[in-house]
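Work through the following exercises with the coordinates open beside you, and try each task before reading its solution.

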Amino acid sequence: MYEESIHIYEKLPLCGTGVVMGLVLILLHVYGLARPTAALAALGRAHVAYKAGAVLLGVDFLWIAALLFKADWNPLCMPLYEFDNFRGWLLILCPVIWFVLVSMAKEHLFARALGLFLLLAALLPLSAAFLKDPVTRLLIPIWWYPVLTVAMFWVAKPHLFRDWAAWLNAHPAVFKGIALFGTLYGAAVLACAILFW
């Protein structure tokens with residue numbers, strides 16, 4: 001039998017996590033509202049941003065390595081239970097896979113890296129909201145489940161990032177609508193975090 005352990009993510013306060021999530025959503029989407037041309041241009045160029053993709057992918061694998069590295073001083077270490085014997089091999093694979101992707105999968109590297117980053121980032125708010133009260137905490141998974149779905153597509157089929165960015169550039173009104181929705185959603189999360197969580 002494995003000893004039940006609580007990961008540091010599960011100890012995150014719902015209020016603080018909601019405030020951070022709300023502020024990030026507001027800042028990102030307000031920028032899209034305030035400077036839609038610049039935001040769309042950056043979105044359109046992102047799929048060829050090889051250097052940014054290599055750096056972001058490095059951050060992803062450092063994060064994964066931190067989750068895998070077992071030490072008393074490492075609060076990020078996650079229990080692997082029956083797969084614990086593979087922990088060392090998985091740690092070795094982190095730099096190997098990073099090198100392979102950066103050197104042999106250069107096309108659409110940023111989309112893959114961004115998708116993986118979102119998959120890792122989702123663990124934080126979803127863990128903070130898991131089985132918590134009140135019911136308004138459902139604003140967190142309602143936002144993140146679609147984001148996780150999109151992120152998985154970007155990791156597996158990164159050309160979709162390019163295609164969706166091109167479509168948004170051809171439909172700026174839709175982009176503004178998404179930016180407005182994201183701003184309002186972020187404001188709702190922030191308000192609930194301050195008032196109820």
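**Exercise 1.** Does Cys77 count as buried or exposed, and what is its relative accessibility? Then establish how many disulfides a search of the whole structure finds.

*Solution.* The model is a predicted one, and the steps below should be read in that light. Begin with accessibility: the value for Cys77 is 17%, and the cut-off for buried is under 20%, so Cys77 counts as buried. Turn next to the bonding question, where the search of the whole structure returns zero disulfides. For Cys77 in particular, the nearest cysteine sulfur belongs to Cys94 and is 12 Å away, whereas a disulfide requires two sulfur atoms within 2.5 Å. The treatment of Cys192 runs in parallel: this residue is buried, with a relative accessible area of 10%, and its sulfur is 11 Å from the closest cysteine sulfur, that of Cys15, which is too far for a bond.

**Exercise 2.** Determine at what angle helices α2 and α8 pack, and which residues meet where they pack.

*Solution.* Take the geometry before the chemistry. Helix α2 covers residues 36-46 and helix α8 covers residues 172-195, and the two pack at an angle of about 100° with their axes 11 Å apart. Since angles of 65 to 115 degrees count as roughly perpendicular, α2 and α8 are therefore roughly perpendicular to each other. On the α2 side the contact is made by Pro36, Ala39, Leu40 and Leu43, which meet Pro172, Phe175 and Lys176 of α8. Sorted by character, the residues of this contact comprise six nonpolar, no polar and one charged.

**Exercise 3.** Describe the surroundings of Thr183, stating which element holds this residue and which residues it touches beyond four places away in sequence.

*Solution.* Thr183 is placed in helix α8, and with a relative accessibility of 13% it counts as buried. Leaving aside residues up to four places away in sequence, Thr183 touches Ile26, His29, Val30 and Leu33.

**Exercise 4.** Identify the residues with the most contacts inside the largest nonpolar core, and find which element gives the largest share of that core.

*Solution.* The largest nonpolar core has 42 residues, and inside it Ile140 and Trp144 have the most contacts. Two or more residues each are given to this core by α1 (14-34), α3 (50-68), α4 (87-104), α5 (109-129), α6 and α8, with the largest share, 12 residues, coming from α5. As a last step, follow the contacts of Ile140: with residues up to four places away in sequence not counted, Ile140 touches Leu14, Met21, Pro125, Leu126, Ala129 and Trp197.

Definitions and conventions. Residues numbered from 1 in each chain as written. Predicted model: local features only at pLDDT ≥ 70, side-chain atom pairs only at ≥ 80, totals over all residues. Heavy atoms only, no water. Buried < 20%, exposed > 50% of the residue type's maximum accessible area, 1.4 Å probe, protein only. Axes fitted to C-alpha atoms, helices over the stretch in contact; angles between N-to-C directions. Helix = DSSP H or I, 4+ residues; strand = E, 2+ residues; numbered from the N terminus. Parallel < 35°, antiparallel > 145°, perpendicular 65-115°, else oblique. Contact = heavy atoms within 4.5 Å. Nonpolar A, V, L, I, M, F, W, Y, C, P; charged D, E, K, R; others polar. Core = buried A, V, L, I, M, F, W, Y, C linked by side-chain atoms within 4.5 Å.
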